Amino acid sequence: MTLFTTAVSTLALALATLTLGSAAATYPDPLKLAGEHVYVHDPSLIQRESDGKYFLFTSHDKAGIITSDNLAGPWTEIGSILPDGSSIELPGRNDIWAPDVSLHDGTYYAYYAVSESGSQNSSIGLATSTTMEPGSWTDHGQVFRTHKGDPYNAIDPSLIVDEDGTPLLTWGSYWGDIYQFTLGNDYQTVTSQPVQVAHNSTANSPVEGAFVWKHDTFYYLFTSSGKCCEFNTSSPTPPGDEYKVFVGRSDSAHGPFVDEAGVDMRDNGGTLVLASHGDVYAPGGEGIFHDTKSNKDIFVYHYLHSQGDIAYKEVNSSVGLNAIDWSSGWPALTSI
């Protein structure tokens, strides 16, 4: 989900082990947005409960905050969650990756990551606010950290409350891929050991950016797999090696999660949800929120462009928005 620059020479083989579905799969274009372009990577999108205003959060810019009164924009950059950087004393504390924001008991919780590309010297932190406005956030510091040699990497956090009402954090990137642990009622104290819920066993294990969402009786685990960023604009990575989104589901927020073919996501499973198409390149860093204005679940992701003079350039990373059709029991993206 965030930058990882280690060579991925075996990536094509790694991705081939996942359930790609039909080679002729087509995807709807993302919602066309009004106004000037705003940079977005690893998006988290939520509506403020009090007035329905949209708040979009992004990696970098010290966890940037972007707002709009309409889903189609225009979107305006208004500040950051952590304008002074994180209180976590690690390299990357002034960058901030992959904020994940959700509302619980009147408080907005923003989990974020502090790290550097290719490093396991990483930490997941927490900030809270009652309004989400710049200047309203309190940084509570570290929730969990990892070190070189651990079987996992503490980035890309995502919170859900499980079927028993217990906060559950899903996180991870490369190495052993995706893990979970439970939190106490303070949403900060780790109360269980990390448990693996998704893994690609091929070298480099290119899975990250996990997100868990409940729909009807199932919990759906989404992951991003492939190369996310830092593409050579003149000769990008071989087709199929770039970011794309997979999913599995379970009747528990803790898994096990299996794809449509019944393959466990801990054993290279995953059903393809979204891949490059048209001007959309390397989509991932996904999340979902329920839009109260349209009464639809909205799939949120970032992508690079593949056309024109902005093709494959990280600085032009954009937010993608599509609705979700759940009628088959599996998520299918539709136009908004």
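Two strands count as paired here if DSSP finds at least two bridges between them. In this predicted model, strands E13 (residues 207–215) and E14 (residues 218–225) clear that bar comfortably, with seven bridges joining them in an antiparallel arrangement. Lys214 sits across from Tyr219 in E14. Two residues lie between the strands of this hairpin, and Asp216 takes a positive phi near 50° there. As for E13 itself, eight of its nine residues are buried, so the strand is largely enclosed by the rest of the structure.

Both strands also feed into the largest nonpolar core, which has 21 residues; the members touching the most other members are Phe222, Val273, Leu274, Ile288, Phe299 and Trp326. The elements giving two or more residues to this core are E13, E14, strand E15 (244–250), strand E16 (271–274), strand E17 (280–291) and strand E18 (296–305). Ile288 gives a good feel for the packing: setting aside neighbours within four places in sequence, Ile288 is in contact with Phe211, Trp213, Phe222, Asp297, Ile298, Phe299, Ile324 and Trp326. There is also a second, separate core of 18 residues, with Ile65, Leu90, Val114 and Trp137 among them.

On to the cysteines. The count of disulfides comes to one, and the pair involved is Cys228 and Cys229, with sulfur atoms 2.0 Å apart. Cys228 has 4% relative accessibility and therefore counts as buried. Cys229, at 3% relative accessibility, counts as buried too.

Another antiparallel pair turns up earlier in the chain, where four bridges join strand E1 (residues 44–47) to strand E2 (residues 54–58). Ser44 and Ile46 point one way from E1, while Leu45 and Gln47 point the other way, and all are buried. Gln47 stands opposite Tyr54 in E2. The hairpin made by E1 and E2 has six residues between the strands, and Gly52 takes a positive phi near 75° in it.

Two loop residues are worth a look. Ser119 is in the loop between strand E6 (107–114) and strand E7 (122–129). The Ser119 side chain reaches the backbone nitrogen of Asn121 at 2.9 Å. Not counting residues up to four places away in sequence, Ser119 touches Asn153 and Trp175. The other residue, His277, is in the loop between E16 and E17. His277 has a relative accessible area of 13%, and it is buried because the cut-off for that label is under 20%. The side chain of His277 reaches the backbone oxygen of Ala275 at 2.9 Å. Leaving aside neighbours within four places in sequence, His277 is in contact with Tyr27, Pro28 and Asp29.

Finally, a word on confidence. The protein chain has a mean pLDDT of 93, and 93% of its residues reach 70 or more. Confidence is highest in strand E10 (residues 167–171), at a mean of 99, and lowest in helix H1 (residues 11–16), at 41. The pLDDT is below 50 over residues 2–17, a stretch that has 52 contacts in the model beyond near neighbours in sequence. Residues 19–24 are also below 50, and this stretch has nine such contacts. Where pLDDT is low, the predicted coordinates should not be read in detail.

Note on methods: Residues are numbered from 1 along each chain as its sequence is written. This is a predicted model: local features need pLDDT of at least 70, side-chain atom pairs count only at pLDDT 80 or more; totals for chains, interfaces and linings use all residues. Side-chain values use heavy atoms; hydrogens and water are left out. Buried means under 20% relative accessible area, exposed over 50%, partly exposed in between (1.4 Å probe, protein chains only). A polar contact is a pair of N or O atoms within 3.5 Å; within protein, one must be able to donate a hydrogen and the other to accept it, and residues adjacent in sequence count only if both atoms are side-chain atoms. Contact means heavy atoms within 4.5 Å. A nonpolar core is a set of buried Ala, Val, Leu, Ile, Met, Phe, Trp, Tyr and Cys residues joined through side-chain atoms within 4.5 Å. A disulfide is a pair of cysteine sulfur atoms within 2.5 Å. pLDDT is the predictor's confidence in each residue, from 0 to 100.
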